[in-house]
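Colleague: Before I set anything up with this model, could you pick one part and take me through it closely? Start with the overall picture, then zoom in.

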Amino acid sequence: MRICLIGYFTGHPDEGFKKVCRHLAEELSRRHQVLSIDVGDVFSPRSWKRVRDFSPQVVHQIAGPALSAFVSLKTMARFSGGARSVMSALHPGSLFPGWPSRRLISWLKPDLTLVQCPESQALFRSLGLSTAFLPNGVDCRRFAPVDGEAKRKLREKYGIIP
């Protein structure tokens, strides 16, 4: 199977998103052909050419489920000739809860949304999305996104250079 992964592949894998993206790409590459596209390059002409030439059967985006992720996933799946679309929704807290976003998500919904915890599954099912449970080794109750100031303090505390 040909799978196009959209995620965070550049730079040092020092964050959960990057680690999940790279690990998933490595594991899928054992049995499938995988094209990795960095989320920052998803709308570049070079990436569009690579996707067109690759002709994926599945486009899989690994992202926080922001509205922009739904747009880029749906656009790339359509561009690739109707590939199936899959989203690994890593941080559902970034989803906009208002009715305009809910309406847009119902139009942009992927064929499958992979979730990591029961709370995420309930949220996405309430939006009418098809879900499957695929934990990436992250306990959503224990680990959650933090604001920029909290992140800066944690990095300072543990000596992590951004």
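Modeller: Sure, surface first: the protein chain has an accessible surface of about 9500 Å², and carbon and sulfur atoms account for 56% of that (areas are by Shrake-Rupley with a 1.4 Å probe, and for residues only the protein chains shown count as cover). Keep in mind that this is a predicted model, so local features need pLDDT of at least 70 and side-chain atom pairs count only at pLDDT 80 or more, while totals for chains, interfaces and linings use all residues. Residues are numbered from 1 along each chain as its sequence is written, and side-chain values use heavy atoms, with hydrogens and water left out.

Of the 162 residues in the protein chain, 38% are buried, meaning under 20% relative accessible area; exposed is over 50% and partly exposed lies in between (1.4 Å probe, protein chains only). There are 6 helices and 6 strands, taken as DSSP runs numbered from the N terminus (H or I for helices, at least four residues; E for strands, at least two). They follow the pattern β-α-β-α-β-α-β-α-β-α-β-α along the sequence. Take contacts, meaning heavy atoms within 4.5 Å, between residues at least 6 apart in sequence: 63% of them join residues at least 24 apart.

The part I'd zoom in on is helix α1. It runs over residues 16–29, and its end C-alpha atoms are 20 Å apart, which agrees with the 20 Å that its 14 residues should span at 1.5 Å a residue (the expected span being 1.5 Å times one less than the number of residues). Its buried residues are Phe 17, Lys 18, Val 20, Cys 21, Leu 24, Ala 25 and Leu 28. They sit on the same side of α1 because they cover an arc of only 165° around the axis, going by the directions from the helix axis to the C-beta atoms. An α-helix has 3.6 residues a turn, so residues three or four places apart point the same way. What the buried residues of α1 pack against is β1 (2–7), β2 (33–38) and β3 (58–63).

Now for charges around there. Glu 27 and Arg 30 form a salt bridge, 3.2 Å from N to O, where the term means a side-chain nitrogen of Lys or Arg within 4 Å of a carboxyl oxygen of Asp or Glu. Glu 27 is partly exposed at 34% relative accessibility, whereas Arg 30 is exposed at 63%. That pair belongs to a structure with 6 salt bridges.

Two helices are handy for comparison. In α2 (residues 45–54), Lys 49 and Asp 53 are 4 residues apart, so about one helical turn separates them, and their closest N and O atoms are 2.7 Å apart in a salt bridge. Lys 49, at 43%, is partly exposed, and Lys 49, Arg 52 and Asp 53 are linked in a salt-bridge network. As for α3 (residues 67–79), its 13 residues reach 18 Å from first C-alpha to last, close to the 18 Å expected at 1.5 Å a residue. Its buried residues are Ala 69, Phe 70, Ser 72, Leu 73, Lys 74, Met 76 and Ala 77. Just after α3, Gly 81 has a positive phi of about 95°.
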